Amino acid sequence: MTSPDSGVPRLVIAAPSSGSGKTTVATGLMAALTGRGLAVSPHKVGPDYIDPGYHALATGRVGRNLDAYLCGPELVGPLFLHGARGCDIAVVEGVMGLYDGAAGEGELASTAQVAKLLRAPVVLVVDASSQSRSVAALVHGFVSWDPEVRIGGVILNKVASDRHEGLLREAVDSVGVPVLGVLRRAAPVETPARHLGLVPVAERRAQAVEAVAAMAAQMADGCDLEALVGLARSAGALSCAAWDADDALDFSPPPPLPVPTPGAAAPGSPLSALNGPRPQAQDGLKARVAVAGGAAFTFSYAEHTELLAAAGAEVVTFDPLRDEELPEGTAGLVIGGGFPEVYASELSANEGLRKSVAELALSGAPVAAECAGLLYLCRELDGLPMCGVLDAAARMSERLTLGYRDAVAVSDSALAGAGTRMRGHEFHRTVVEPGAGAAPAWGMRAPERRVEGFVERGVHASYLHTHWAAEPGVARRFVERCRTS
């Protein structure tokens with residue numbers, strides 16, 4: 001790991017519950033500070049892919065996630081410092097209520113835990129629309145619940161009038177916590193949502209730009225930006241070093257290998273070369289890995305492409321809605337999450353690309369598909385033809401599947417050796433039938449025991465979203481398979 005920039009000023013924006021206004025405050029603050037000429041590092045607690053898109057629009061920098069469940073508490077500080085390199089200030093948007101974390105796991109993955117790991121002061125955003133003096137009891141409870149969490153100020157949201165503001169300020173003053181901002185009750189900033197939350201920036205960029213500008217104006221008008229920056233500067237120093245993709249690969253163990261079977265290796269089985277050092281390009285060439293992007297596939301962690309590049313890949317992005325074939329020379333394919341169900345007609349109509357993807361997969365080349373990528377590889381989605389790589393059908397469902405998962409790789413694949421344990425996250429309103437192939441991708445250990453996903457030839461397809469920083473060897477394994485398949 002590289003030397004730390006442990007003194008970067010930072011704030012965590014939290015709330016008593018979801019719906020209090022965290023995203024408006026965090027995104028607006030990022031944009032307002034960026035507008036003042038500061039280099040702002042944007043972060044989001046938890047596995048959310050959509051909010052970081054708005055953060056990136058507000059700051060001009062990649063939005064990054066800090067998830068103590070997916071990556072482990074020990075990586076929160078290093079990943080934060082990696083994202084905050086060269087920045088003047090960092091703003092971290094929390095998840096759910098301040099003390100809410102992974103179900104049944106205590107404080108794990110909560111905003112409070114991340115704030116403690118970052119030694120960062122917390123700004124509590126309170127929806128004050130239906131209370132006055134009672135806000136003092138609420139703030140007092142959050143301040144006193146965990147003495148290790150430092151709540152440095154409050155922003156009062158949805159305040160009705162000057163009189164209402166006066167009552168609220170008097171109440172909060174009695175707790176000894178400064179009021180750093182007051183946002184009036186007004187028409188909400190236009191941030192439309194649908195079945196999985198906010199509509200991603202990639203689908204409504206012009207409107208999203210206007211929304212972020214409106215959030216910034218709200219913060220500039222209603223909050224003490226100087227006081228917020230001063231509070232950020234009071235954050236404690238971090239003793240860890242910044243995460244680095246090259247270093248992570250150097251220190252990650254070699255991927256496990258299966259016991260050899262007499263005769264020819266089965267399609268997609270790992271090769272003995274996977275146990276060697278980090279792959280180096282032959283004759284100066286790198287394995288070309290195509291990564292799906294565009295409006296239909298917006299869910300990805302920036303560290304994934306960074307690890308692929310560090311492992312010796314040339315990463316090329318393509319848009320399944322527009323490109324009629326895969327990039328020339330593609331040796332491997334990564335299709336992350338997103339909303340293929342929204343764009344099913346357009347994806348189905350792009351027959352050239354569907355055929356190109358199917359041909360690559362049938363050749364045995366490595367393909368890693370998560371959630372939306374799984375749907376795209378199916379035979380059909382809501383009755384519309386997809387790539388047909390997997391003999392499975394996908395459809396929309398009324399039921400939301402949501403939550404952290406503790407998983408273990410069941411089958412050897414281009415992504416992980418059997419027995420590799422990873423933590424992940426599921427978030428979808430679709431169903432794939434059957435839910436697992438003859439060689440499943442994952443066995444879920446918690447919260448329920450089941451198998452899920454498909455390993456066929458070089459394909460690893462599953463609903464499970466994982467964060468490769470927690471297991472960097474999967475990127476090294478994938479790139480090496482791209483070079484040898």
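**Buried residues, free cysteines and a helix pair**

Visitor: Why does Cys378 count as buried?

Guide: Cys378 has a relative accessibility of 0%. Buried means under 20%, so Cys378 counts as buried. The value comes from a predicted model.

Visitor: How do you know how many disulfides the structure has?

Guide: A search of the whole structure finds zero disulfides. Cys378 is in none, as the nearest cysteine sulfur, that of Cys387, is 9.6 Å away. A disulfide needs two cysteine sulfur atoms within 2.5 Å, and the 9.6 Å between these sulfurs does not meet that cut-off. Seen from the other side, Cys387 has the sulfur of Cys378 as its nearest cysteine sulfur, and Cys387 is in no disulfide either.

Visitor: Is Cys387 buried or exposed?

Guide: The relative accessible area of Cys387 is 8%. The limit for buried is under 20%, so Cys387 is buried.

Visitor: What share of the protein chain counts as buried?

Guide: Of its 485 residues, 57% count as buried. The chain has 14 helices and 22 strands. Among contacts with a separation of 6 or more, 76% are between residues 24 or more positions apart.

Visitor: How are H1 and H2 oriented to each other, and why?

Guide: H1 covers residues 22–35 and H2 covers residues 51–59, and they pack at an angle of about 20 degrees. Angles under 35 degrees count as roughly parallel, and therefore H1 and H2 are roughly parallel to each other. Their axes are 8 Å apart, and H1 passes H2 in a right-handed crossing.

Visitor: Which residues meet where H1 and H2 pack?

Guide: From H1 come Thr23, Thr27, Met30, Ala31 and Thr34; from H2 come Asp51, Tyr54, His55, Ala58 and Thr59. They divide into four nonpolar, five polar and one charged. Asp counts as charged, and Asp51 is one of the residues in this contact.

Visitor: What makes His304 buried?

Guide: His304 has a relative accessible area of 10%. Set against the limit of under 20%, that value makes His304 buried. His304 lies in helix H10, residues 302–310. Leaving aside residues up to four places away in sequence, His304 touches Thr466, His467 and Trp468.

Visitor: Why does Ala361 count as buried?

Guide: The relative accessibility of Ala361 is 3%. Buried is under 20%, so Ala361 counts as buried. Ala361 belongs to helix H12, residues 351–362. Beyond four places in sequence, Ala361 touches Val367, Val389, Arg457 and Val459. The C-alpha atoms of Ala361 and Leu333 are 8.6 Å apart, although 28 residues separate the two along the chain.

Visitor: What is notable about phi of Ala109?

Guide: Phi of Ala109 is near 70 degrees, a positive value in a residue other than glycine. Ala109 is in the loop between strand S4 (89–93) and helix H4 (111–118). Its relative accessible area of 4% is under the 20% limit, so Ala109 is buried. Arg119 also has a positive phi, of about 50 degrees, and is not a glycine. Arg119 is placed in the loop between H4 and strand S5 (122–127).

Visitor: Which residues does the cis peptide bond at Pro434 join?

Guide: The cis peptide bond joins Glu433 and Pro434, with omega about -5 degrees. Pro434 lies in the loop between strand S17 (421–433) and strand S18 (442–446).

Definitions and conventions
Residues are numbered from 1 along each chain as its sequence is written. This is a predicted model: local features need pLDDT of at least 70, side-chain atom pairs count only at pLDDT 80 or more; totals for chains, interfaces and linings use all residues. Side-chain values use heavy atoms; hydrogens and water are left out. Axes are lines fitted to C-alpha atoms, for helices over the stretch in contact, and angles run from 0 to 180 degrees between N-to-C directions. Helices (H or I, at least four residues) and strands (E, at least two) are DSSP runs, numbered from the N terminus. Angles under 35 degrees count as roughly parallel, over 145 as roughly antiparallel, 65 to 115 as roughly perpendicular and the rest as oblique. A crossing is left-handed if the near helix is turned anticlockwise from the far one by less than a right angle, and right-handed if clockwise. Contact means heavy atoms within 4.5 Å. Buried means under 20% relative accessible area, exposed over 50%, partly exposed in between (1.4 Å probe, protein chains only).
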